[in-house]
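Q: Please take a close look at one part of this structure: a nonpolar patch on the surface and the residues that form it. An account of the backbone and the helices in the surrounding segments would also be welcome.

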Amino acid sequence: MITLITGNGKGKTTSALGLAMAAALDGKRVYIGQFMKEGDYSEIAMLKSTFPEITIEQYEGSMVINRAAKDKDREIAQDGLQQAISAIGSDNYDLVVLDEFNVVLFLEFISLEQAIHLINSSREKTDLILTGRYADPDIIELADKAYEISQIKHYFNDGIAARKGIEM
């Protein structure tokens with residue numbers, strides 16, 4: 001099954017990681033690939049220390065926030081895409097989570113055709129969770145489940161930074 005978690009609210013990654021933990025606790029083999037993120041923020045540090053059976057790879061790129069995208073961002077996303085395709089094709093995982101997948105597609109770091117190929121390649125053997133804002137309508141249509149997380153109110157809008165252990 002393909003699960004899509006999108007929207008402008010906070011909690012897409014947290015939701016996906018919660019599903020990954022539930023799968024691991026049930027004996028499923030889990031791979032998490034993160035586009036556009038780097039570092040052991042609290043959620044990732046906890047997973048690494050508590051769930052050593054979950055494979056986590058960050059595709060070495062920082063978020064494209066407050067700066068223009070660079071050619072290197074596209075190269076990193078393409079490398080990450082190949083790692084994700086390998087994870088899906090390896091038969092080593094029951095669940096693959098691709099965090100910020102929708103964003104790299106929206107930024108055209110990967111093509112819609114590549115995204116559709118990845119989704120279709122997972123259909124027969126691996127559950128797939130895709131997160132990130134700006135989900136493409138074609139990807140929403142391909143998903144078996146799609147969730148939109150909306151923001152009603154958040155203290156970020158009042159200038160309060162992300163807090164360690166809460167948002168990062």
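A: In this predicted model, Tyr-134 is partly exposed, with a relative accessible area of 43%. That value falls between the cut-offs of 20% for buried and 50% for exposed, which is why the residue is placed in the intermediate class. Tyr-134 belongs to the loop that runs between strand E5 (127-131) and helix H6 (137-142). Its backbone has a positive phi of about 65°, although the residue is not a glycine.

Tyr-134 is also one of the residues of the nonpolar surface patch, which it makes together with Phe-106 and Leu-107. The patch covers about 290 Å². Of its members, Phe-106 is located in helix H4, which comprises residues 101-106. Phe-106 has a relative accessible area of 47% and is therefore partly exposed.

A positive phi of about 65° is also found at Asp-91, again a residue that is not a glycine. Asp-91 is situated in the loop between helix H3 (71-89) and strand E4 (95-99). With a relative accessibility of 48%, Asp-91 counts as partly exposed.

Helix H3, which precedes the loop of Asp-91, can also be described with respect to helix H5 (residues 112-122). The axes of H3 and H5 come within 9 Å and cross at roughly 15°. H3 is therefore roughly parallel to H5, and the crossing of these two helices is left-handed.

Definitions and conventions
Residues numbered from 1 in each chain as written. Predicted model: local features only at pLDDT ≥ 70, side-chain atom pairs only at ≥ 80, totals over all residues. Heavy atoms only, no water. Patch = residues over 30% accessible without salt bridge, like charges linked within 9 Å, V, L, I, M, F, W, Y side chains within 5 Å. Areas by Shrake-Rupley, 256 points an atom, 1.4 Å probe, with all protein chains shown as cover. Salt bridge = Lys/Arg side-chain N within 4 Å of Asp/Glu carboxyl O. Helix = DSSP H or I, 4+ residues; strand = E, 2+ residues; numbered from the N terminus. Buried < 20%, exposed > 50% of the residue type's maximum accessible area, 1.4 Å probe, protein only. Axes fitted to C-alpha atoms, helices over the stretch in contact; angles between N-to-C directions. Parallel < 35°, antiparallel > 145°, perpendicular 65-115°, else oblique. Left-handed = near helix turned anticlockwise from the far one by under 90°.
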